[in-house]
Every structure is written in C-alpha cells, then in structure tokens.
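Trainee: Could you take me through how the features of a model like this are read?
Mentor: Yes, one feature at a time.

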Amino acid sequence: MVMKGLTMNPSIFHNKFSSFVPFGSRKYPLFASSCRCLSTSASISLENESVSLGHFTRPDFPILHQEVYGHKLVYLDNGATSQKPSAVIEALKNYYEAYNANVHRGIHFLSAKATDEYELARRKVATFINAKESGEIVFTRNATEAINLVANSWGLSNLESGDEIILTVAEHHSAIVPWQLVAQKTGAQLKFVSLTKDEVPDTGALLDMLSRKTKLVVVHHVSNVLASTLPIHDIVHSAHAVGAKVLVDACQSVPHMAVDVQSLGADFLVASSHKMCGPTGVGFLYGKEELLYSMPPFLGGGEMISDVYLDHSTYANPPSRFEAGTPAIGEAIGLGAAIDYLSGIGMQKIHNYEAELADYLYERLSSVPKIRIYGPVPSQNVGRAPLCSFNVENIHPTDIATFLDQQHGVAIRSGHHCAQPLHRHLGMNASARASLYFYNTKDEVDHFVQALNDTISFFTSFM
C-alpha cells in the first residue's frame, strides 16, 4: 500500500478508538484549465465492438482527463451531478458570446434569437420525455423547486384536512419536506410505505394504502440510494382509479433511460438538468395541460402576468404563469444541447450499457470483505440502476470517501444522500455511494474496487 502525499485533514477522520460506526462532435477542443489534463483519443468508433460506450464518449468530457492528488481522476459521483460534454459547454459559451439578451420582452435581434433558442430548448425537453406539447414543460431552478411549485400551487389549492398524501420511506428530502409544509398548512396527512425484505419500496403495500382519501401519490422512479425502479405505470393506474394525482421524481431515471410521460400517465414529473449532462441552475416540471391551467401562480413578478393594475393582476397562461422574472436562459439552452447530445447516442443504448455496468459494479463490490450493499440483489428479473450505496464494517463512509479521493483519485459520495428517513429505516446514519454514467467504464470500476480494498486495509491496520 502506497501512502503517497497524504494530506488529509485529521479532523475528517474518526479517532481509531472511536466507534466507526448527433454524438458530441469532436470539433470542440479541450480547453486549458488549472489542472493537468491527460491526452485523449477522439478517433474511437463504436463500429469496433471491443470499444465500450464509456470509452467512446469519454473524449467529449474535458473534465475527465485530469489528475487529482497525483492520480488519474475516476469520477463515480454521477448520482449527485453528471459531467458536461464539450457540446454543452460550447452552447453556453455561444449564448453568452453571440446572443446574450433577455427573452420574450425584446424585439431586437439578440432578444429574438435568445427567445427562439430558449423556447426551442423547451420543445426539446417535451420531445425528450414525449409530452403532448411544449406548454406542459415549465422551466425551474431545479427539481426541488419544481416539486415546491406543485406543492404550493396545486397542493395548497386542492388539499384539506383529512386528505392523504402517500409517499415511500425512500424518497429524497425534496419530495418529502414540501409536502410536510403543505400538510402543516392544510391538515392533510402524510402516509409512508416501507420496504420489502428485498429492500425495495413495497409497491403492494402502496396500492393497498390507496383510498378515496388519497389525493396525491409522490414517488421516485429510480431510488438514488437503493438503485431500485418502481412500476410507475401500475402506481398511476391504481392511483387514478381512486381519484388521486401522481407526482414522479424522475431525477435518477430521465438521465439514464427513455422516459415517456404519456405512457407512464403521471400527472406531474420533475427532473434536473445537471444530472443529465446539462448545466446546473435549471430543471423542469412536466404537468398535464389541464392541471397547469387550473393552478394559481407560485411566484409573482414580471413575465408571469397578463395585465397588472393597482388593485389586482391577471396572469399569463402556463408555462409563463410559473416562470416569474428572468429565467436561466443560458442554462436552459445548455439543457437543450445536453438533450441533443443524449439523443444522438440514444437513450436505449445508454440504458443497455448502464445495465451491464450496474451488474458489473454490484458483482465486483460484492467481492469486497465485510461490505454491505443496500437495495435489491440483481437477477434475471430484477435490474439495478448503475449505483451502489454501501457500508464497510467498522469504517465510516466519510473516511472511505476521503481516502479514496486523496490516495486514489476516486470520487464517490458519502453521507445520507438527502435520504435520512431511508437511512434510519435501514439502521444507519450514512453510507458511501458509487454512481456511474455512460462515460464510465469497467476499467474504472476495477480501479475503484482495488482502491476500496486498499482503503479498507489502511483503516483495519489501526484496529
């Protein structure tokens, strides 16, 4: 084991006596940065079957070709945010260099160009998830704001004392807290579905819990901790049978698989740009047209109005009604470029490759001594998303993540992943998580597992 340049902050580590409980075009050059970049080959072709999708796409991502702490970067924190291809970086650069202007309110050339590109991005999102029309797409700061929009607009207008909202214990905080706030104001009750013995949300129990009191079901599509996938179509069908609406958190599914909102039947669906190769600072809400038209504004100000008088105002039609003020124009355009990039690859191709990566990650991690991986065991009938949340006996996940970063250049995440109720349900406070995307490779998984074994050896030497 090599202890090369160990510079870890001692405060991070627990005392050893304490309880450790069209494809991105290759025309975009790598730009200079403060970190040392490694050379990449841009001449790989998928026609060569020995070349994986990960190897083929890596040249499109400048950030991946660098060293951290003297080691080649292995980025396995895609569940938190994805990296950005050169095509997206170039789209942002082009907006700010060529046609930066405010949208919708100007008649000059730059404003018209910015408006056209902004609205084109909306149409791209609608096509990507197969919405009926672009007016069903509302741009927000992120998926969290999208859920808060539904909670404050639809929720406060439609929920009252005695109504029930059904969620699972595996929901992200952004899908729980807004509805707790709504429940406090309206008297509605939150009901939570637990996990099965296989550590997946109990869909059967959820369906049994539905009643005429149920007004809303809030569920994730893919769990950011368990790597499990819920049968959204079945849940929607049963919820609609009792008159309930369904909101789907699709942050971990839209970037990784083809998502068809019309096929799913969901009333609302949210996702974030930054997890699907797009910029930070923008996300979107899909809402059925009739629902959006029935909802009052969430925020007041410019752009969301029709007419303003001293004693009252009238409001624009959706989606403008829910996009008060100057939006994240460049970011939305960047999201559109990300969608172009993903569509150029093909979402089914991405999903198929990631399914193979997911099985390989689980298999390799399972060989690590004293490891506990959370979520379902993959099988012929059970697939996992390309992520694994885990703990290693007697080693804190933050210590694991810090050592992997500073001694091996491997970036993973540690903590509760904005899912504290789920972690408590599983009897832990935190976990480590490695999450992959289509630009990752089996070689990186091997490097990660080898580095993890080295990390475990280091910490167990003090026990």
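Mentor: What follows covers the sheet, a helix pair, salt bridges and some backbone geometry, all in a predicted model.

Trainee: Starting with the sheet, what is the strand order, and is it open or closed?
Mentor: For a sheet, read the order of the strands, then the edges. Here the sheet is open and has seven strands in the order β4-β10-β9-β8-β7-β5-β6, with mixed pairing. β4 (137–140) and β6 (189–193) are the edge strands, each pairing on one side only. From one strand to the next the twist averages 20°.

Trainee: In which sense do β4 and β10 pair?
Mentor: β4 pairs with strand β10 (residues 283–287) in the antiparallel sense, over four bridges. Within this pair, isoleucine 137 stands opposite tyrosine 286 of β10. Helix α3 packs on the sheet and touches β4 and β10, its direction making about 120° with that of β4.

Trainee: Where does helix α7 lie?
Mentor: Helix α7 (residues 232–241) lies across β7 (214–220) and β8 (245–249), and it runs at about 175° to β7.

Trainee: How is a packed helix pair read, for instance α2 with α10?
Mentor: Take the axes, then the handedness, then the residues in contact. The axes of α2 and α10 come within 8 Å and cross at roughly 145°. The crossing of α2 past α10 is right-handed. On the α2 side the contact residues are Ala87, Val88, Ala91, Leu92, Tyr95 and Tyr96, and they meet Ile329, Gly330, Glu331, Ile333, Gly334, Ala337 and Ala338 of α10. By class, that contact has ten nonpolar, two polar and one charged residues.

Trainee: Turning to salt bridges, how many are there?
Mentor: The criterion is a side-chain nitrogen of Lys or Arg within 4 Å of a carboxyl oxygen of Asp or Glu. The count comes to 15 salt bridges. One of them joins glutamate 97 to lysine 93, with the closest N and O atoms 3.2 Å apart. Both residues lie in helix α2 (residues 86–98), four residues apart, about one turn of the helix. Glutamate 97 is exposed at 59% relative accessible area, and lysine 93 is partly exposed at 42%.

Trainee: Which parts does the salt bridge of aspartate 340 and lysine 124 tie together?
Mentor: The two side chains meet at 2.7 Å, N to O. Aspartate 340 is in helix α10 (residues 329–345) and lysine 124 is in helix α3 (residues 109–129), so this pair ties together parts 216 residues apart in sequence. Aspartate 340 is partly exposed, at 32% relative accessibility. Salt bridges can also be linked in a network, as are those of Glu119, Arg122 and Glu323.

Trainee: What should I look for in the backbone?
Mentor: Look for exceptions to the usual pattern: most residues other than glycine have a negative phi, and most peptide bonds are trans. The peptide bond from proline 318 to proline 319 is cis, with omega near 5°. Proline 319 is in the loop between β12 (313–315) and α10.

Trainee: Is histidine 417 buried or exposed?
Mentor: Histidine 417 is buried, at 7% relative accessible area, because the cut-off for buried is under 20%. Its phi is positive, near 55°, and it sits in the loop between β16 (413–415) and α13 (420–425). Asparagine 394 also has a positive phi, near 70°. Asparagine 394 is in the loop between β14 (387–392) and α12 (397–408) and is partly exposed, at 39% relative accessibility.

How values were computed. Residues are numbered from 1 along each chain as its sequence is written. This is a predicted model: local features need pLDDT of at least 70, side-chain atom pairs count only at pLDDT 80 or more; totals for chains, interfaces and linings use all residues. Side-chain values use heavy atoms; hydrogens and water are left out. Helices (H or I, at least four residues) and strands (E, at least two) are DSSP runs, numbered from the N terminus. Buried means under 20% relative accessible area, exposed over 50%, partly exposed in between (1.4 Å probe, protein chains only). Two strands pair if DSSP finds at least two bridges between them. Axes are lines fitted to C-alpha atoms, for helices over the stretch in contact, and angles run from 0 to 180 degrees between N-to-C directions. Contact means heavy atoms within 4.5 Å. A crossing is left-handed if the near helix is turned anticlockwise from the far one by less than a right angle, and right-handed if clockwise. Ala, Val, Leu, Ile, Met, Phe, Trp, Tyr, Cys and Pro count as nonpolar, Asp, Glu, Lys and Arg as charged, and the others, Gly among them, as polar.
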